[in-house]
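Here are some worked exercises to try with the model open beside you. Have a go at each task before you read its solution.

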Amino acid sequence: MAKENHASAPVPGRLPVLELEERVVFPYALTTLSVAIPDNRALLEEAHATSDLLAIFPVPRGERRPATGMGVVASVLRLGAGPGGTGVLLVQGITRAKLTLGRKGSPVRHARVEPIPEGVTPGTQATSSALRRAVMERLEQLSGTARGVTTEVRDFLSTVEDPGRLADLVAAQLDVPFPQALPLLEEADAVARLKLLLAFLATELEIQSIQERLNRQTRDEMDKRQREYFLRQQMEAIQAELAGGEEGGGDAESAYRKRMQAMPIPDEVKAVLDKELQKVGRLSPFSEELSQLRAYLDLVFDLPWGVTTPDQLDLAKAQKDLERDHYGLKKAKERILEYLAVAKLKGTHPGTLFCLVGPPGVGKTSLGRAVARTIGRKFVRMSLGGVRDEAEIRGHRRTYVGAMPGRIIQGIKNACTTNPVFVLDEVDKMGSDWRGDPSSALLEALDPEQNREFVDHHLGFPFDLSKVMFIATANTLDGIHPALMDRLEVLELPGYTEEEKIAIGRNHLLPRLLESHGLKDVAIEIPDPTLAALIRRYTREAGVRNLERGIESLLRKVARKVARGQMGPYVIQPHGLSRLMGLPRFQEEARLQTDRPGIATGLAWTETGGEILFVEATAIPGSGTLTLTGQLGEVMRESAQAALTYIKEHLADWNLDHKAIAKMDLHIHVPEGAIPKDGPSAGVTMAVAILSTLTGTSVPRDMAFSGEITLRGAILPVGGLREKLLAAQRFRIKTVFLPYANKNERSELPKSVLKSLDLVWVKTVSDVFKRVIPKPKPKGKTGSGKRGAGRKRNKKIPVKRA
């Protein structure tokens with residue numbers, strides 16, 4: 001009750017003061033003080049006369065004591081007798097106060113008291129709550145240590161909601177040292193006080209952690225010494241029993257040491273191997289550990305230490321070889337020749353990491369093989385598709401049964417040289433799980449600044465990969481780790497045009513397949529029209545992999561006849577393909593047979609190249625809702641919303657009634673609903689389909705569209721332009737509407753595309769509508785002069801269907 005009475009009663013402006021050396025009493029906390037009774041009797045009597053109140057002023061030891069400072073007004077609760085004439089004083093802090101000490105002219109020194117009000121700065125309630133919770137969590141972590149508090153105290157402190165009171169009570173319970181306790185007392189703001197307390201608790205936790213670690217290390221060191229002594233005694237006894245049975249181990253150690261001295265192995269690696277070789281001499285010839293150790297040593301000594309393949313940097317020959325092995329791919333070949341030119345001038349490997357990106361079947365892996373053959377290096381291919389274990393790259397530690405080195409070290413060992421061309425195939429298809437992230441493990445191997453000291457976990461020492469020429473391949477860049485992507489120079493390998501595919505089939509695929517099928521000496525002719533029909537009817541791809549399979553199928557049919565003695569000659573004509581290959585998989589002509597309102601042709605990009613897609617729109621009586629079907633992604637749905645909003649804003653341009661449109665439901669569907677679709681480039685196509693169904697105007701089936709649309713009708717650039725136009729060319733599209741911002745890519749398009757397609761570059765969707773769905777002529781200006789003749793072609797479809 002005394003606490004409540006003093007807390008509510010005003011504090012006198014003048015009180016007797018008790019000076020405490022190196023000790024802080026906090027408000028609200030019960031504190032026991034030891035005082036000398038003879039020296040402080042007058043002080044205690046005067047405090048008793050002033051409602052048992054006194055001012056407690058903390059002062060540092062051995063320094064000049066200040067006359068003004070922060071102190072505490074405390075209530076004396078009890079005075080007991082202690083040993084040697086001392087008294088035990090139980091006090092409880094009431095409030096902080098600024099104390100100004102008066103002169104000590106009598107046995108009792110007094111101080112002018114100015115209480116400091118408690119409070120929380122407005123707007124910091126959330127911060128104070130978070131700090132309270134953090135303080136309680138730190139107390140929980142300190143439980144069980146020398147600085148911790150009991151469970152009962154923690155339970156009591158958890159009920160204290162006032163942040164300032166909580167900070168003072170915790171500081172008192174922890175017995176904070178004077179240098180840290182004094183700032184806590186002097187800080188009047190509760191939030192700032194909690195932050196100081198939290199910093200002290202964090203320091204205590206760190207100290208406790210260090211102490212525990214030191215104690216644990218001490219115990220482990222003692223246990224290790226005892227264990228080593230015991231094992232050493234046992235080993236001596238076993239060796240004495242074997243009595244000469246270790247001659248094989250000694251011979252093996254000597255043989256390994258001779259091999260080590262004969263190889264240009266770095267000194268740091270020799271130090272590691274020396275420790276391993278010492279084990280060979282001590283182990284029994286029949287032990288499992290010796291067999292594992294020998295397998296490790298054999299691997300190390302089989303590595304091509306100091307072995308390199310001389311580079312053949314004849315640029316004219318390199319260009320000739322690349323042109324012979326691959327058709328097209330002009331930019332990629334130029335960049336590889338530039339790389340070889342720099343290597344020739346510099347005399348060393350430039351350190352560039354190429355990433356060949358393109359659809360399947362365009363020759364990414366074979367281009368890497370051609371580079372190796374051109375410069376005279378060994379070729380190593382490592383497929384990374386589906387790899388999820390970091391150990392595939394860095395290897396397994398030898399503590400595991402069946403541990404093996406990583407696939408990079410295995411490839412170097414099999415190549416028998418330290419400078420092969422190393423192709424990392426399908427680098428975009430790596431995954432990650434609880435076993436680690438292979439993409440992150442590749443960073444050390446591919447970074448020119450780090451791969452001089454690549455450490456395989458199985459080897460346990462650095463191995464130099466700086467002379468290796470790494471080439472990565474991928475279908476897309478989306479699946480590549482950003483940090484890995486930062487280390488790669490991307491070379492895009494686009495899809496082939498039909499003319500390029502015919503040339504590849506005639507000059508590259510057919511001669512090679514004739515030899516592989518044993519038909520080199522047989523007169524077989526597959527003319528260009530047959531290859532063109534094979535491409536159009538039986539393949540639909542950006543590369544030539546399916547074309548190669550198709551030619552193989554034709555040659556197998558011929559090989560069967562040749563094996564029966566029918567030596568030919570054979571000429572395969574286009575009309576005979578269906579008899580040899582079966583029914584065509586694809587139709588040569590476009591899939592749209594007639595022009596119908598509400599259907600527009602769009603262009604899409606996929607990992608396997610370009611494709612066309614059809615957007616169907618229809619309006620039915622309803623409540624003005626928009627329905628989207630066909631497994632459309634979020635971005636594609638937003639494009640449809642933007643297209644519809646733009647058209648609604650300009651309905652009057654086509655004499656369409658807002659009220660009638662508001663009573664119609666619009667359904668947009670993209671066929672082949674089993675295939676997910678997404679991306680913003682279908683915005684223009686959707687806008688054309690919507691306006692087509694609303695006006696009843698058919699969109700010509702030989703027109704295609706691509707472009708992202710904004711709410712204001714602007715058309716933004718799109719990606720994958722080459723692949724999309726190749727798809728348009730395959731489907732016999734004649735006119736393609738493209739964003740004007742992509743016009744600068746025209747110079748990079750194949751000549752066959754520019755020749756066969758009419759490319760219309762547009763800035764706004766209204767430019768598209770002018771060509772595809774022109775606005776109706778104003779009334780009174782029609783050619784017939786009859787009333788209503790200008791509206792006949794553009795009847796309002798919603799009104800008609802209503």
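**Exercise 1. Place strand S9 in its sheet.**

Task: find how many bridges join S9 to S12, and then work outwards to the whole sheet.

Solution. Step one: S9 and S12 run parallel and are joined by four bridges. Helices (H or I, at least four residues) and strands (E, at least two) are DSSP runs, numbered from the N terminus, and two strands pair if DSSP finds at least two bridges between them. This is a predicted model, in which local features need pLDDT of at least 70, side-chain atom pairs count only at pLDDT 80 or more, and totals for chains, interfaces and linings use all residues. Residues are numbered from 1 along each chain as its sequence is written, and side-chain values use heavy atoms, with hydrogens and water left out.

Step two: pick out a residue pair, with valine 421 opposite methionine 469 in S12.

Step three: turn to S8, which pairs with S9 in the parallel sense over five bridges. Here serine 383 has aspartate 425 of S9 as its bridge partner.

Step four: add strand S7 (residues 354-357), which is joined to S12 (residues 469-474) by four bridges, again parallel. Phenylalanine 354 has isoleucine 471 as its bridge partner in S12.

Step five: assemble the open sheet, whose five strands follow the order S8-S9-S12-S7-S13 with parallel pairing. S8 (379-383) and S13 (489-492) each have a single partner strand, so one side of each is left without a neighbour in the sheet. From one strand to the next, the twist averages 25°, where axes are lines fitted to C-alpha atoms, for helices over the stretch in contact, and angles run from 0 to 180 degrees between N-to-C directions.

**Exercise 2. Is S9 buried or exposed?**

Solution. Step one: set the cut-offs; buried means under 20% relative accessible area, exposed over 50%, and partly exposed in between (1.4 Å probe, protein chains only).

Step two: apply them. Five of the five residues of S9 are buried, so S9 is largely enclosed by the rest of the structure.

Step three: sort the side chains. In a regular strand they alternate between the two faces of the sheet. Val421, Val423 and Asp425 point one way from S9, while Phe422 and Leu424 point the other way.

Step four: look for a helix over this part of the sheet. Helix H15 (residues 407-415) lies across S8 and S9 (421-425), at about 155° to S8.

**Exercise 3. Describe helix H12.**

Task: state which residues of H12 are buried and what they pack against.

Solution. Step one: H12 (residues 330-346) has 17 residues and reaches 24 Å from its first C-alpha to its last, close to the 24 Å expected at 1.5 Å a residue. The expected span is 1.5 Å times one less than the number of residues.

Step two: list the buried residues, which are Ala332, Lys333, Arg335, Ile336, Leu337, Tyr339, Leu340 and Ala343.

Step three: find their partners. The buried residues of H12 pack against helix H11 (315-325), S7, helix H13 (364-375), S12 and S13, with contact meaning heavy atoms within 4.5 Å.

Step four: check what comes next, which is glycine 347, with a positive phi near 85°.

**Exercise 4. Is threonine 127 buried, partly exposed or exposed?**

Solution. Step one: find threonine 127 in helix H3 (residues 125-142).

Step two: read its relative accessibility of 36%, which makes threonine 127 partly exposed.

Step three: compare positions along the chain and in space. Threonine 127 and valine 191 are 64 residues apart along the chain, and their C-alpha atoms are separated by 7.5 Å.
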